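Have the structure open in a viewer, with the sequence panel visible. The stops below say what to select next and what is there.

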Amino acid sequence: MLLLLGGCRWGFGLLGDDTVTIDPDADIVVDDGGKPVTCSTDHDCGNCQRCESNVCQRADFVELGLGQANACAFDERGELWCWGWNQYLAVDEDVPVDEVVPRPRRTGITEVDRLDVGWAIVMLRKTDQSLATFGGLSANVNDTQAGWDQISAGIFAACALNTNTTVSCAGMNDNAQLGRGMQDPDGPESFGPFDGGSSGWKQVSTANLTCAITLGGRLFCTGTNNNGELGRGTQSPYETDVGQVGTDADWAEVHVGDQHVCALKTNGTLWCWGLDVPTAVAQTTPKQVGTATDWSHLASDFRASCALRGGTDLWCVSAEAHWMFALIGDLISPWARMPIDIDPGTRPVLGGHTACIRQNGDWVCWGDDARGQVGRGTLAMVAAPARLCE
């Protein structure tokens, strides 16, 4: 069956070859007569398409990130694409309007090999392992030193882990989330060391609090604590010290949401704390989710978390109806298995009101598309997982 794409199809073949074989997974876009679609600018082409050599060509997204109501991805050539809400110019600096489908609007940003999207901020790493941000920071990060490894973009803040096991952060510090031993309500902070420049970290995650795991498996957090997000058995507006969560030394991975935190242990168990997503009750210390020991590929963002069980089954919890809509039938639900297929061993990607997964090698997304953040151009609810680039 031929795949129609707004009057265009993907296909291989020579220019002007009316007998070209149509292939929905090909690189060149052809019309119903089998001829490649010509163009002069990217906007002559459809979503996930670039204009090159005056012909519309398909992009293949390697990695994708979702924010509050915006998204970015980089393609097989390391070029950056962004779409959705553009209030903080996290989609495009030159054209201050929302973009409802993925198009390569951010010209000049190439050689990207890692990214994360937060609340109006995007952090990316280039192939030379240098670091950059754009969007909602007054002074965006442009760190040219090599060695940046893991990155995390949160709520007007972002952190990065270097191969020398140090962590640095930038952005808002109104809840002491930058790990500098102080709270600053007056504005953004420049890129600087987390926890006084101490080393020995192996992973970091940030939102309006920041949590990091040491090489020895101990977990530390700082920042907002209204719902016990710091895991200390207390509640407070925020805490300025980077304090340990309990005494355990077997933490493997941590992911911070808006008002909750979830983490995996080395034995494959899953633990969460902060504002309990299903019940909206504060949980001030880590609480195990069920008894399973085969959890992996955890993701948390805003009021939602997802993880894999057995490497293939997607389980999620959310206080928002948007990206759970039509999947389990509940507006507020405890952890439940999603009745959708996901490529084994791939991590789900969560945003404020949207989610994306890998399915048969393609990005599949769903949720609230009111600002174009699902990338379908519908500006309405995308109730069931739909292929992004079609």
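Begin by selecting Leu131 and Asp143: Asp143, in β12, is the bridge partner of Leu131. Strands here are DSSP runs of E of at least two residues, and helices are runs of H or I of at least four, both numbered from the N terminus.

Before moving on, note that this is a predicted model, in which local features need pLDDT of at least 70 and side-chain atom pairs count only at pLDDT 80 or more, while totals for chains, interfaces and linings use all residues. Residues are numbered from 1 along each chain as its sequence is written, and side-chain values use heavy atoms, with hydrogens and water left out.

**Stop 1: the sheet around the starting pair**

Extend the selection to residues 131-135, which make up strand β11; two bridges join β11 to β12, and the two run antiparallel. Two strands count as paired if DSSP finds at least two bridges between them. Now show the open sheet of four strands, whose order is β9-β10-β11-β12 with antiparallel pairing. Which strands stand at the edges? They are β9 and β12 (142-143), each with a single partner strand, so one side of each is left without a neighbour in the sheet. As background, strands of a sheet pair through backbone hydrogen bonds, either parallel or antiparallel.

**Stop 2: from β9 to β13**

Select Arg114 and Asp149 and show their side chains, which meet in a salt bridge with an N to O distance of 2.8 Å. Arg114 belongs to strand β9 and Asp149 to strand β13, so this pair ties together parts that are 35 residues apart in sequence. A salt bridge here is a side-chain nitrogen of Lys or Arg within 4 Å of a carboxyl oxygen of Asp or Glu. Arg114 is partly exposed at 26% relative accessibility, and Asp149 is partly exposed at 31%. The classes are buried (under 20% relative accessible area), exposed (over 50%) and partly exposed (in between), using a 1.4 Å probe and protein chains only.

**Stop 3: the loop after β9**

Go to Trp119, in the loop between β9 and β10 (121-126). Trp119 is partly exposed, with a relative accessible area of 22%. Draw a distance from its C-alpha atom to that of Gly67: the separation is 5.3 Å, although the two residues are 52 apart along the chain. Setting aside neighbours within four places in sequence, Trp119 is in contact (heavy atoms within 4.5 Å) with Gln68, Gly154, Ile155, Phe156 and Phe302.

**Stop 4: the largest pocket**

Turn to the largest pocket, which has a volume of about 780 Å³. Of the 36 residues that line the largest pocket, those closest to its centre are Leu115, Asp116, Ile151, His255 and Arg347. On a 1 Å grid over the protein atoms alone, a pocket is an open set of points with protein on both sides within 12 Å along at least five of seven lines, whereas a cavity is a set where a 1.4 Å probe fits but cannot get out; lining residues have an atom within 4 Å of a point. Grid points are joined across faces, edges and corners, and the volume is the space filled by probe spheres set on the points.

Which element gives the most to the lining of the largest pocket? Select β5, which gives five residues. By residue type the lining divides into 18 nonpolar, 11 polar and seven charged. Nonpolar covers Ala, Val, Leu, Ile, Met, Phe, Trp, Tyr, Cys and Pro; charged covers Asp, Glu, Lys and Arg; the others, Gly among them, are polar.

**Stop 5: Thr284 and Arg232**

Select Thr284, in strand β24 (residues 282-288). Is Thr284 buried or exposed? At 18% relative accessibility, Thr284 counts as buried. Leaving aside neighbours within four places in sequence, its contacts include Asn227, Arg232 and Gln235. From Arg232, step to Asp241: their side chains meet in a salt bridge at 2.9 Å, N to O.

**Stop 6: β30 to β32**

Finish with strand β30 (residues 354-359), joined to β31 by six bridges in the antiparallel sense. Gln359 stands opposite Asp362 in β31. The two strands form a hairpin with two residues between them, and Asn360 in the turn has a positive phi of about 55°. In strand β31 (residues 362-368), six of the seven residues are buried. β31 also pairs with strand β32 (residues 381-387), antiparallel, over four bridges; there, Asp368 stands opposite Met381.
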